[in-house]
Amino acid sequence: MKVNCSSSRLLSAIVLTTLLLSACGTQSANNEITPTQRPTAEPTPIETIQPSPTIDPAAELVSGLTGLPVSEDSLPRPLAVMINNAPAARPQSGVSEADILYEILAEGGITRLIGIFQSHTGVVKIGPIRSIRPYLLDIGESYGGVTVHAGGSPAAYAILQKEKKEDMDEIGRAGAYFWRDKARKAPHNLYSNAAQTAGRYREAWVCAKCEGARVYF
């Protein structure tokens, strides 16, 4: 079979052209520049300045004995109240309102309670109140308190008079600021309250300062 030369040449030209186009397409694809992806910068967080909380001046007032907030601008001088703890004197009144409460061993195996009152000036009833002993005086004085009692041992009275300690004695001139509960038997029925005793002492202390003298009850 004879092949036409013209047809053969045409076929060769077509094949050659196809190869050239294929090579150029591959080279163009290889030479194509791939765009570089730039890293996206993360947004810088903006620090928001928070306003300082408003402090209530009244919330800053705390008791020096308990560390708890108090409502008054200034607290009165503490009262160290001698409270009976004999079985016949129970239940006592006002002990849960004391800023600090001590139980001290007294004579005969009986204990005596000493309540330090300052924050709760409106305590309605404290007691039963009993006498003072020498070893009880230092506790109240360690808080700068005024001793509130009903009588005392000769040794305790000697210290009160000799050292001119501030106290409120029901048997002395402060008797009007104590009362007896008729529903209980003496001597386990003597009471007072922080409002009366603190008010009485404050009035006397101011008067004493004005006159340049010291007042004792």
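This report covers the confidence of a predicted model, then strand 1 and its partners, and then two residues, proline 78 and asparagine 84.

**Confidence**

The protein chain has an average pLDDT of 76. At least 70 is reached by 61% of the residues. Among the elements of the chain, strand 7 (residues 190–191) has the highest mean pLDDT, 96. Helix 4 (residues 194–211) has the lowest, 49. Residues 203–217 have pLDDT below 50. That stretch still makes 19 contacts in the model beyond near neighbours in sequence.

**Strand 1 and its partners**

Strand 1 spans residues 79–84. Six of its six residues are buried, so strand 1 is largely enclosed by the rest of the structure. In a regular strand, side chains alternate between the two faces of the sheet. In strand 1, Leu79, Val81 and Ile83 point one way. Ala80, Met82 and Asn84 point the other way. Both sets are buried.

Strand 3 tells a similar story. Seven of its seven residues are buried, so strand 3 too is largely enclosed by the rest of the structure. Thr111, Leu113, Gly115 and Phe117 lie on one side. Arg112, Ile114 and Ile116 lie on the other. Both faces are covered.

The pairings are set out below.

| Strands | Sense | Bridges |
|---|---|---|
| Strand 1 and strand 3 (residues 111–117) | antiparallel | six bridges |
| Strand 1 and strand 4 (residues 146–149) | parallel | three bridges |
| Strand 2 (residues 100–105) and strand 3 | antiparallel | six bridges |

Individual partners fix the register. Leucine 79 has phenylalanine 117 as its bridge partner in strand 3. Isoleucine 83 stands opposite leucine 113, also in strand 3. Towards strand 4, valine 81 is partnered by valine 148. From strand 2, leucine 105 bridges to threonine 111 of strand 3.

Strand 2 and strand 3 form a hairpin with five residues between the strands. Glycine 108 in this hairpin takes a positive phi near 70 degrees.

**Proline 78**

Proline 78 sits in the loop between helix 1 (5–31) and strand 1. Is this loop residue buried or exposed? Its relative accessibility is 8%, so proline 78 counts as buried; the cut-off for buried is under 20%.

Which residues does proline 78 contact, leaving aside its neighbours within four places in sequence? One group is Ile116, Phe117 and Gln118. The others are Tyr143, Gly144, Gly145 and Val146. Two of these contacts, Ile116 and Phe117, belong to strand 3. Val146 falls in strand 4, which covers residues 146–149. Proline 78 and phenylalanine 117 are 39 residues apart in sequence. In space, their C-alpha atoms are 5.5 Å apart.

**Asparagine 84**

Asparagine 84 lies in strand 1. Its relative accessibility is 3%, so asparagine 84 counts as buried. The side chain of asparagine 84 makes a polar contact of 2.7 Å with the side chain of histidine 188.

Histidine 188 is also among the contacts of asparagine 84 that leave aside neighbours within four places in sequence. The list further includes Ala89, Gln92, Arg112, Pro128 and Arg130. Arg112 is one of the buried residues of strand 3.

Terms used
Residues are numbered from 1 along each chain as its sequence is written. This is a predicted model: local features need pLDDT of at least 70, side-chain atom pairs count only at pLDDT 80 or more; totals for chains, interfaces and linings use all residues. Side-chain values use heavy atoms; hydrogens and water are left out. Helices (H or I, at least four residues) and strands (E, at least two) are DSSP runs, numbered from the N terminus. Buried means under 20% relative accessible area, exposed over 50%, partly exposed in between (1.4 Å probe, protein chains only). Contact means heavy atoms within 4.5 Å. A polar contact is a pair of N or O atoms within 3.5 Å; within protein, one must be able to donate a hydrogen and the other to accept it, and residues adjacent in sequence count only if both atoms are side-chain atoms. pLDDT is the predictor's confidence in each residue, from 0 to 100. Two strands pair if DSSP finds at least two bridges between them.
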